Amino acid sequence: MNATNTTELMHTLGQQAKAASALMAKASSATKQRALLGLAALLRANVDALQRDNAKDLERARAAGLAEPMVDRLKLTPKVIETCAQGCEQLAAMPEIIGDITGLKQMPSGIRVGQMRVPIGVFGMIYESRPNVTIEAASLSIKSGNAAILRGGSEAIESNRALNNLVQRALTDAGLPADAVQLVPTTDRAAVGQLITMPQYVDVIIPRGGKGLIERISAEAKVPVIKHLDGNCHTYVDDPCDVAMAVTVADNAKTQKFSPCNATESLLVARAVAASFLPKIGAIYAAKGVEMRCCPESKAILSAVPDADLKDATEADWSEEYLAPVISIKLVEGVDEAIAHINRYSSHHTDAILTTDHRHAQRFLREVDSASVMVNTSTRFADGFEFGLGAEIGISTDKFHARGPVGVEGLTSLKYVVLGEGEVRG
């Protein structure tokens, strides 16, 4: 597709999205609920067909030599499809927030002033690999009364087309415009450049992918961007802690799945518990093929673990997002040093403390400057579905508009409403 055609295509998508957004903004809660439940039913009814389309993407990805963690992200398994369907149902069951008026106050003049929750309008979503993001974005778009233009990665084009066809069927079946959720049909990279520079049609851009993609979009966009660059998440094992629990959680946080941005990439351990904790977690990581990049003290303890894959950590390792069976390990004196280390090296995504000291837990929650901060649980829970948001459009490490998993509320704005009975200003 040449540049002129790509420009025309993107402007057409923008115009259609803008028109659809006006209809979505006034759609009733019951209509949006019907679309979401219809989409859930269509997903369950088309598992085999979706997997056939997904298989084409997987075959092409492997032939192109795509790394296995990236291939893993591409898979549309029955479990992934069922999770998408459940997310649609969870969103359908959630209370309607569009049109809510809050904080209504009577002013001395007699007027009443409050704020109404309204859709943002049109959001553009740019994402890589995971085709389930198509459903997460579409379902959140429907629930929040927005229109969306989705641009998935070229490696998932067959899967994304098949999923978007189901979304548009669910929309039209419910009496909503099919153009409320549009998939960019071309893999031409110029389409992204167009999408992020159309403020006349698009109100916000949400990139979800590798650091390079997000940095490029943040630098070139003429539309506001909700973003996180990477997920260098920490688990800190405190003194005191329940060692058995800490082993279980630190295992899950790293190995339940290696590729997500909420997997723990750095393990901090208080010196006082290192001798009892590290050999146990080290044995589990060794058995699961996890490479451990260690500070000198942790390496000395872990060297006794049979078959442990140990490397010397470099300064760069403390900031690294591996998305692979690799973890950095460092001993710290206690909670003060742990918080200081995290605030220096973390990507401010998700960080957890494992402790039996309530005061340490409270300090960690207050002082760690991250979008999600956790006590005695796995960083893998930093997810819109797990947080009860129904689904998420992404994770934001920004501090303005939305922070952490971005669900329905993150796709809305507030406007002031003023109610009067003929008052005039003196």
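This is a short talk on the pockets and a few unusual backbone spots in one structure.

Hi everyone, and thanks for coming. Please keep in mind that what we have here is a predicted model.

Let's begin with the pockets. The largest pocket has a volume of about 1300 Å³. Which residues sit closest to its centre? They are Arg130, Lys257, Pro260, Arg380 and Asp383, out of 48 residues that line this pocket. If you want to find the walls on your screen, look for helix H4 (68-74), helix H5 (78-93), helix H6 (132-143) and strand E14 (394-396), the elements that each give two or more residues to the lining. H5 gives the most, with 6 residues. And what kind of lining is it, by class? For the largest pocket, the split is 17 nonpolar, 15 polar and 16 charged residues.

Now for the second largest pocket. Here the volume is about 240 Å³. Its lining is made up of 14 residues, and nearest the centre you will find Glu128, Arg151, Gly153, Arg189 and Leu213. Two elements, strand E3 (122-127) and helix H9 (211-220), supply at least two lining residues each. H9 gives the most to this second lining, with 3 residues. By class, we have 5 nonpolar, 4 polar and 5 charged residues around the second largest pocket.

Let's leave the pockets and turn to the backbone. Where is the cis peptide bond I'd like to show you? Go to the step from Asp239 to Pro240, where the bond is cis and omega is near 10°. Pro240 belongs to the loop that runs between strand E7 (233-237) and helix H10 (243-255).

Next come two residues with positive phi, and neither of the two is a glycine. One is Asp307, with phi near 65°. You can find Asp307 in the loop between helix H12 (296-302) and strand E10 (310-312). Is Asp307 buried or exposed? Asp307 is exposed, because its relative accessible area is 73%, and the cut-off for exposed is over 50%.

The other is Leu323, where phi is near 50°. Leu323 lies in the loop between E10 and strand E11 (326-332). Leu323 has a relative accessible area of 23%, so we call this residue partly exposed. For that label, buried would have meant under 20%.

To recap, we looked at a largest pocket of about 1300 Å³, a second largest of about 240 Å³, a cis bond from Asp239 to Pro240, and positive phi at Asp307 and at Leu323. Thanks for listening!

Key
Residues are numbered from 1 along each chain as its sequence is written. This is a predicted model: local features need pLDDT of at least 70, side-chain atom pairs count only at pLDDT 80 or more; totals for chains, interfaces and linings use all residues. Side-chain values use heavy atoms; hydrogens and water are left out. On a 1 Å grid over the protein atoms alone, a cavity is a set of points where a 1.4 Å probe fits but cannot get out, and a pocket is an open set with protein on both sides within 12 Å along at least five of seven lines; lining residues have an atom within 4 Å of a point. Grid points are joined across faces, edges and corners, and a volume is the space filled by probe spheres set on the points. Helices (H or I, at least four residues) and strands (E, at least two) are DSSP runs, numbered from the N terminus. Ala, Val, Leu, Ile, Met, Phe, Trp, Tyr, Cys and Pro count as nonpolar, Asp, Glu, Lys and Arg as charged, and the others, Gly among them, as polar. Buried means under 20% relative accessible area, exposed over 50%, partly exposed in between (1.4 Å probe, protein chains only).
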